[in-house]
Each structure stands twice: as structure tokens, then as C-alpha cells.
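Dear colleague,

I am handing over the structure shown below for your consideration. My findings follow it.

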Amino acid sequence: MADLTNLRRHGFTMLELIAVLVVMGIIATAAMSSVDFSPYDVTSEAETFKANLRFAQTLGFAQGELPPGSDDNIWGIQLSGGSYSLTMNGSAQNTVNMPGQTSATYTLPDNVTITGSTMNFDFRGRPVSAVNAPIGGDTMYTVSDGSTSVTVTVLQNTGVVQ
């Protein structure tokens, strides 16, 4: 009988284990609710925007394969409220989708905004105006959620997106 008594004194009861798991769950929930994920959202949206700018630039490069005398198409990204769209010659594009999307428009999360102007690229991948004239300086975009912001820059002569 003494052996059974000693066995009962070692270890935890099922009730004690469940109580510890419940307390750990409450602590984990409280810790997760105090973590601010908005910088991640802004940073990831800025990287997505950069990738989509580079995609429009790549489409502009593809125009370099046209035979001499062909019309060069100007590909770009046009901002509009809570979204931005792929354009060709200033018009919304519906035959080419954004990477990873099912349309030529990318919708931003509710809390994220992008400020800046429309960006167009010629067949050399250079940033140009809607009438295919070189732009006069670097173009900057601000991706923000109201408290955190990330700047995206397109360099004037090279079209490098940083």
C-alpha cells in the first residue's frame, strides 16, 4: 500500500495540467493582442508595389522586340484610391494580370494607402510621361497605414525601383 501512496504523490493530476494549459492560452492571447503587425503590412505592401512596378517595366522592355516602325506601347501603373492598375498607353489593361492576381488591378488592404502619381515605362524600361517624354526627376511613392510609412523610389534615368 505504501508504494501506491508514493506513486500518487509524484506528477500532476489531469485537472492541474488542464488548468496550466488554460492559463498559458490566456497569456498567449493577451501577448498576441498587444503585438502591432502594421509595419509588416506596410512593408509587405511596399514590396508588392515594387514588384508590380518592375512587372510593368518588364512589359515595357518586351516592346523592344517589336519590328522597326511599330508603335511602342507605354506600360504603367495607375493609382486609384485603394488600388492600382496595370495600364498600356494610358488605358486600363485587362488582358495581362498582375503577378499572382486574377486581374490587372491590385487592391490594397483597408488600412494601407499609396500616394504618388502614375508611373509609365518605355521600351527601354525608363520612366516616361504618358506622352513618352522622359520624366524630370526621381519619382517617390509613400506606402502608409497612417502610423508607419515606407518610401518607394523610381530613379529618373534608369527606372531602378528601390
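I begin with helix α2, which spans residues 14-33 and contains Ile 26. Please keep in mind throughout that this is a predicted model. Ile 26 is exposed, because its relative accessible area is 56% and the cut-off for that class is over 50%. This residue also takes part in a nonpolar surface patch of about 660 Å². The other members of the patch are Phe 12, Met 14, Leu 17, Ile 18 and Val 22.

I turn next to the strands. Strand β2, formed by residues 83-88, is mostly covered, with five of its six residues buried. Its pairings may be described one by one:

- Strand β1 (residues 75-80) runs antiparallel to β2, and six bridges join the two. Within this pairing, Gln 78 has Ser 85 of β2 as its bridge partner. The two strands form a hairpin with two residues between them, and Gly 81 in the turn has a positive phi of about 60°.
- Strand β4 (residues 105-107) is also antiparallel to β2, through three bridges. Here Ser 85 is partnered by Thr 105 of β4.
- Strand β3 (residues 91-92) is joined to β2 by two bridges, again in antiparallel fashion. Met 88 has Ser 91 of β3 as its bridge partner. In the hairpin of β2 and β3, two residues lie between the strands, and Asn 89 takes a positive phi near 55°.

Ser 85 thus appears in two of these pairings, with Gln 78 as a partner and with Thr 105 as a partner.

Finally, I would draw your attention to the charged side chains. How many salt bridges does the structure hold? There are two.

One of them links Lys 50 and Glu 47, with an N to O distance of 3.2 Å. Both residues belong to helix α3 (residues 38-62), where they lie three residues apart, about one turn of the helix. Lys 50 is buried, since its relative accessible area is 13%, under the 20% limit for that class. Glu 47, at 42% relative accessibility, counts as partly exposed.

The other salt bridge is formed by Arg 126 and Asp 122, whose closest N and O atoms are 2.7 Å apart. In this pair the acidic residue is the covered partner: Asp 122 is buried at 3% relative accessibility, whereas Arg 126 is partly exposed at 30%.

Yours sincerely

Technical notes: Residues numbered from 1 in each chain as written. Predicted model: local features only at pLDDT ≥ 70, side-chain atom pairs only at ≥ 80, totals over all residues. Heavy atoms only, no water. Patch = residues over 30% accessible without salt bridge, like charges linked within 9 Å, V, L, I, M, F, W, Y side chains within 5 Å. Areas by Shrake-Rupley, 256 points an atom, 1.4 Å probe, with all protein chains shown as cover. Salt bridge = Lys/Arg side-chain N within 4 Å of Asp/Glu carboxyl O. Helix = DSSP H or I, 4+ residues; strand = E, 2+ residues; numbered from the N terminus. Buried < 20%, exposed > 50% of the residue type's maximum accessible area, 1.4 Å probe, protein only. Pairing = 2+ DSSP bridges.
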